[in-house]
Amino acid sequence: MSVRFHLPVVMAGIAAVFALCVAAGIAWNWAPDRPLQDLTQQWAPPPSRFIDVNGLSVHIRDEGIADDPVPVLLIHGTSSSLHTWEGWVSILKKDRRVISMDLPGFGLTGPNAEQDYSNAAYTRFMLDLMDQLHIRKAVLAGNSLGGEIAWNVAVAAPQRVDKLILVDAAGYAFKPISIPAGFQIARIPILSWFMDHTLPASMLEESVKDVYGNPEKVSPALLARYRAMTVRAGNRAALRKRIRTLNLGENAADIQRIHVPTLILWGGKDKLIPPENAAWFARDIAQSKLIMFDELGHVPQEEAPFVTAAAARIFLARDTR
């Protein structure tokens, strides 16, 4: 007995099965944008508030010593939010005024009207934010992208920066050991629809664990926070814009122009920005001190807030005039 297969019929069957699998995958991982008002009750309780900075409603927290003449501004990294600094704030606010914010394109602040997420735009944003809060001079502390923004402000407006704290900061061209899956997908234009409407739990978990030295510290509550910040309306489109316009190391030569006291904190297990970059910052910034945390990853302020904040607190207390 012989059985004949008609190629068009077989191909149509394969296509139908494939389409069903794709549809099932989309349905299982469906995660469309959520409007800001759906997220504020859980993720922006007091002391969170929103202030206008050149027409953009910016999510900030302003805590600690209100009359501190030189506040500490904490700047998060890519796809993060001010929540990454909560451990630091709990310690530093005992002695200082501490301000954290969600950058344009991230957290609850969300996208800006210009859709400009360049380093120059972020530098202008930080100076505008300082003006809006009537801050003449500040300590800038930043992680990853936030560190890059911090030192760019120090280059552009040195009179506005008292000290710098660079935590696994971007700045030099580098070759990552591993790139979080979400960042990789953001680079691929053809996947933009899927990125905007789905968020596989496994991909999110892998991306967050990738930036921790000890992945076991990544809790369901932490993943819930990253998920909420990712699906905030407009953030995924903003991430694509940011990732596609990256030019690693474009202003690295400017780092040698920094002449303020600088603390460099780094995770020895950082797989995104290799630890050798820490030594480059220490080499190029004359008034700098480097502390390496061998067991931590790319977000040491989040992974081990108390030990890293203790180092920052000592640095802040030191008179470097």
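Leaving out residues up to four places away in sequence, S48 touches W43, H59, I60 and R61 in this predicted model. The contact with R61 includes a polar one, in which the two side chains come to 2.7 Å. S48 belongs to strand β1, which covers residues 48–53. Its relative accessibility is 13%, so S48 counts as buried, the cut-off being under 20%.

Helix α4 covers residues 119–132. Its 14 residues should span 20 Å at 1.5 Å a residue, and the end C-alpha atoms are indeed 20 Å apart, so the expected and computed lengths agree. The buried residues of α4 are N119, A121, Y122, T123, F125, M126, L127, L129 and M130. An α-helix has 3.6 residues a turn, so residues three or four places apart point the same way. Just after α4, H134 adopts a positive phi of about 60°.

Two of the buried residues in α4, M126 and L129, also appear in the largest nonpolar core. That core has 51 residues, and those touching the most other members are L73, M101, L103, M126, L129, L164 and F281. The greatest contribution to this core comes from helix α5 (residues 145–156), which supplies seven residues. A second core of 23 residues is separate, and V70, A311, A312 and L316 are among its members. In soluble globular proteins, nonpolar side chains tend to be buried together.

L103 shows how these parts meet. Apart from neighbours within four places in sequence, L103 is in contact with Y122, F125 and M126, and also with L145 and I149. Its other contacts are I75, H76, T109 and G110.

How values were computed:
Residues are numbered from 1 along each chain as its sequence is written. This is a predicted model: local features need pLDDT of at least 70, side-chain atom pairs count only at pLDDT 80 or more; totals for chains, interfaces and linings use all residues. Side-chain values use heavy atoms; hydrogens and water are left out. Helices (H or I, at least four residues) and strands (E, at least two) are DSSP runs, numbered from the N terminus. The expected span of a helix is 1.5 Å times one less than its number of residues. Buried means under 20% relative accessible area, exposed over 50%, partly exposed in between (1.4 Å probe, protein chains only). A nonpolar core is a set of buried Ala, Val, Leu, Ile, Met, Phe, Trp, Tyr and Cys residues joined through side-chain atoms within 4.5 Å. Contact means heavy atoms within 4.5 Å. A polar contact is a pair of N or O atoms within 3.5 Å; within protein, one must be able to donate a hydrogen and the other to accept it, and residues adjacent in sequence count only if both atoms are side-chain atoms.
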